[in-house]
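Hi,

Here is the structure I promised to pass on. Have a look at it first, and my notes follow underneath.

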Amino acid sequence: MTAEEMWKKSGLTGKYDAWSFGDDADLLANLVKDGIKTATCSAYCFYEMENEALPEPGGYNIILDAGDQAVCITRTAKVYVTPFSQVTADHAYREGEGDRSLAYWRDVHKKFFTEELEAAGMEFSEDIKLVCEEFDLVYRA
């Protein structure tokens, strides 16, 4: 189903954003749908480059799979900016990936952000600022 169809079916009102995760969209969307993944992060520099506002608590997000089909709806609970090197074990656990450890999170995300930044002509550093977002699952098909 499309994002618009899911939004109408959910009975929720207001605005929403619809997006998919940048790496393995299907796996990560299913982790959210199953209530395992309750956090995510992105590089702050991309918000600056695109002059895009940061997510705000209370905002709704329709999570899409790799085929742009709606999987579930989340509501942002908390947003904060922190350096990569300061991401906590709690945040890593909430991201729900792998063994949910901070070591696993750092390894996977260092590779991910290195590739993303290189594609934009930038270099990875453990000092890069990340936008960390925590969310609640509010609807699933």
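Let me start with a definition: on a 1 Å grid over the protein atoms alone, a cavity is a set of points where a 1.4 Å probe fits but cannot get out, while a pocket is an open set with protein on both sides within 12 Å along at least five of seven lines; lining residues have an atom within 4 Å of a point. Volumes are the space filled by probe spheres set on the points, with grid points joined across faces, edges and corners.

Before the findings, some housekeeping. This is a predicted model, so local features need pLDDT of at least 70 and side-chain atom pairs count only at pLDDT 80 or more, whereas totals for chains, interfaces and linings use all residues. Residues are numbered from 1 along each chain as its sequence is written, and side-chain values use heavy atoms, leaving out hydrogens and water.

Cavity first. The structure has one cavity of 30 Å³ or more, and the volume of the largest cavity is about 40 Å³. Its lining is made up of Ala92, Glu95, Gly96, Glu97, Arg100, Ser101, Tyr104, Trp105 and His109. Helix 5 gives the largest share of that lining, three residues, and helix 4 (89-95) also supplies at least two. (Helices are DSSP runs of H or I with at least four residues, strands are runs of E with at least two, and both are numbered from the N terminus.) By class, the cavity lining has three nonpolar, three polar and three charged residues; here Ala, Val, Leu, Ile, Met, Phe, Trp, Tyr, Cys and Pro count as nonpolar, Asp, Glu, Lys and Arg as charged, and the others, Gly among them, as polar.

Now the largest pocket, which holds about 1000 Å³ of space. It is lined by 40 residues, and Trp19, Thr40, Cys41, Ser42 and Tyr47 lie nearest its centre. Helix 5 again turns up, giving the most to this lining with six residues. The pocket lining divides into 19 nonpolar, nine polar and 12 charged residues.

Next, the sheet. Five strands form an open sheet in the order 1-3-4-5-2, with mixed pairing; two strands pair if DSSP finds at least two bridges between them. Strand 1 (16-19) and strand 2 (39-43) each have a single partner strand, so they stand at the edges with one side lacking a neighbour in the sheet. Strand 1 runs parallel to strand 3 (residues 60-64), joined by four bridges, and tryptophan 19 has isoleucine 63 as its bridge partner in strand 3.

At the other edge, strand 2 pairs with strand 5 in the antiparallel sense over five bridges, and cysteine 41 has cysteine 132 of strand 5 as its bridge partner. Strand 2 is largely enclosed by the rest of the structure because four of its five residues are buried (buried is under 20% relative accessible area, exposed is over 50%, partly exposed is in between, with a 1.4 Å probe and protein chains only).

One last residue: leucine 54, in the loop between helix 3 and strand 3. Is it buried or partly exposed? Leucine 54 is partly exposed, at a relative accessible area of 30%. Leucine 54 and cysteine 132 are 78 residues apart in sequence, with 9.9 Å between them in space, C-alpha to C-alpha.

Cheers
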